[in-house]
Amino acid sequence: MSVGSANSAKGEERRDAIQVEARRALLNEGYSGVSLRQIATRLGISVGNLQYYFPTKDDLVEAVITKETQVSLSILDDIDWDFQNPGPCLHAAARALLRHHASDAGRFYAIAEALALYDPRYSRLKLRGYLYVFRNVEELVTQIVPELEADQRTRLTRVLVALVDGASLQIQFGRVSDTIGGVDALAHDVAVATERLLENWT
């Protein structure tokens with residue numbers, strides 16, 4: 001390994017460690033509890049070193065939110081999709097996504113939503129994240145139901161994203177997450193509804 005690649009790997013490790021600590025602070029203490037100085041202290045680095053990677057608090061929080069969106073989408077990527085027989089894949093995807101949202105990830109998304117309500121920077125970030133998710137789900141819809149016209153595909157994708165978003169809200173605020181069984185039952189219903197929509201959408 002060259003010196004340059006070793007330094008690059010070390011830099012990525014440092015960047016990841018900073019984001020992990022910032023995510024923890026955001027979850028446990030809220031936005032006001034995210035302090036570059038405190039994070040640097042916890043990691044045993046200088047504030048200047050931290051700011052080499054994330055110049056401001058908002059740069060850091062934005063990076064954490066963006067990474068969280070990518071983690072959610074990686075759940076869909078990890079499914080071994082069979083577009084000729086998508087039913088089992090849809091059930092696996094719904095279960096994995098909603099279990100993810102039943103973890104502290106769901107609380108994290110609620111914090112990100114609250115930030116988007118009051119700050120234009122996070123509102124724009126939310127829109128970018130939504131469009132990123134939307135495009136990925138629309139691509140799945142295209143693979144599963146290739147005969148749909150573009151406007152039908154867009155409408156169906158909007159409904160499917162809303163279905164998962166609504167289920168996630170129920171998990172966070174409707175006490176569905178009291179048991180994994182409750183989450184899995186809701187995921188089953190979401191998957192069944194998704195199958196029916198894909199089969200009958202016009």
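**Entry 1. Charges over rings**

Over the face of which residue does Arg15 lie? I looked this up in the model, which is a predicted one. Arg15 lies over the face of Phe54, and the distance to the ring centre is 5.1 Å. I then turned to Lys57 and found its charged end over the ring of Tyr31, 3.9 Å from the centre of that ring.

**Entry 2. The chain as a whole**

I recorded nine helices and zero strands in the protein chain. Read along the sequence, the pattern is therefore written α-α-α-α-α-α-α-α-α. The C-alpha trace spans about 60 × 45 × 35 Å along its principal axes. The protein chain has 202 residues, and buried residues make up 39% of them. I noted an accessible surface of about 11,300 Å², with 53% of it belonging to carbon and sulfur atoms. For contacts between residues at least 6 apart in sequence, I found that 67% join residues at least 24 apart.

**Entry 3. Helix H4**

How many residues does helix H4 have? I counted 21 residues in H4, which runs over residues 57-77. From its first C-alpha to its last, H4 reaches 30 Å, close to the 30 Å expected at 1.5 Å a residue. I next listed the buried residues of H4, among them Leu60, Val61, Val64, Ile65, Leu73, Ile75 and Leu76. The list also includes Glu62, Glu68, Thr69 and Ser72. While reading such a list I kept a general rule in mind: an α-helix has 3.6 residues a turn, so residues three or four places apart point the same way.

**Entry 4. Aromatic pairs**

My search of the whole structure found five aromatic pairs. One of them joins Tyr52 and Tyr53: the ring centres are 5.0 Å apart and the planes stand at 90°, so I entered this pair as edge-to-face. Is Tyr52 buried or exposed? Tyr52 is exposed, because its relative accessible area is 67%. Tyr53, by contrast, is buried, with a relative accessible area of 16%.

Phe108 and Tyr109 form another aromatic pair, also edge-to-face, at 6.3 Å centre to centre and with 80° between the planes. Phe108 has a relative accessible area of 1% and is therefore buried. Tyr109 counts as buried as well, at 18% relative accessibility; the cut-off here is under 20%.

**Entry 5. Nonpolar cores**

In soluble globular proteins, nonpolar side chains tend to be buried together. With this in mind I looked for the largest nonpolar core and found that it has 25 residues. The members that touch the most other members are Ile18, Ile39, Leu50, Leu60, Val61, Ile65 and Phe108. Helix H1 (3-29), helix H2 (36-43), helix H3 (47-53), H4, helix H6 (104-118) and helix H7 (120-144) each supply at least two residues of this core. Which helix gives the largest share of this core? That share, six residues, comes from H6.

I took Ile39 as an example of a core member. Not counting residues up to four places away in sequence, Ile39 touches Ile18, Glu21, Ala22, Val34, Leu50 and Leu60. Apart from the largest core lies another core, of 21 residues, which includes Leu73, Ala93, Leu97 and Ile144.

**Entry 6. Three single residues**

I placed Cys89 in helix H5, residues 87-102. Cys89 counts as buried because its relative accessibility is 8%. Which residues is Cys89 in contact with, leaving aside its neighbours within four places in sequence? I found Ile79, Asp80, Trp81 and Asp82. Cys89 and Leu36 are 53 residues apart along the chain, and 42 Å separates their C-alpha atoms.

Thr194 lies in helix H9, which covers residues 180-200. At 11% relative accessibility, Thr194 counts as buried. With neighbours within four places in sequence left aside, Thr194 is in contact with Leu90, Leu160 and Leu163.

Gly182 also has its place in helix H9. I entered Gly182 as partly exposed because its relative accessibility is 22%. Finally, I compared Gly182 with Arg37: they are 145 residues apart in sequence and 41 Å apart in space, C-alpha to C-alpha.

Terms used. Residues numbered from 1 in each chain as written. Predicted model: local features only at pLDDT ≥ 70, side-chain atom pairs only at ≥ 80, totals over all residues. Heavy atoms only, no water. Helix = DSSP H or I, 4+ residues; strand = E, 2+ residues; numbered from the N terminus. Expected span 1.5 Å × (residues − 1). Buried < 20%, exposed > 50% of the residue type's maximum accessible area, 1.4 Å probe, protein only. Phe/Tyr/Trp six-rings, centres within 6.5 Å; stacked < 30°, edge-to-face > 60°. Lys NZ or Arg CZ within 6 Å of the ring centre and 35° of its normal. Core = buried A, V, L, I, M, F, W, Y, C linked by side-chain atoms within 4.5 Å. Contact = heavy atoms within 4.5 Å. Areas by Shrake-Rupley, 256 points an atom, 1.4 Å probe, with all protein chains shown as cover.
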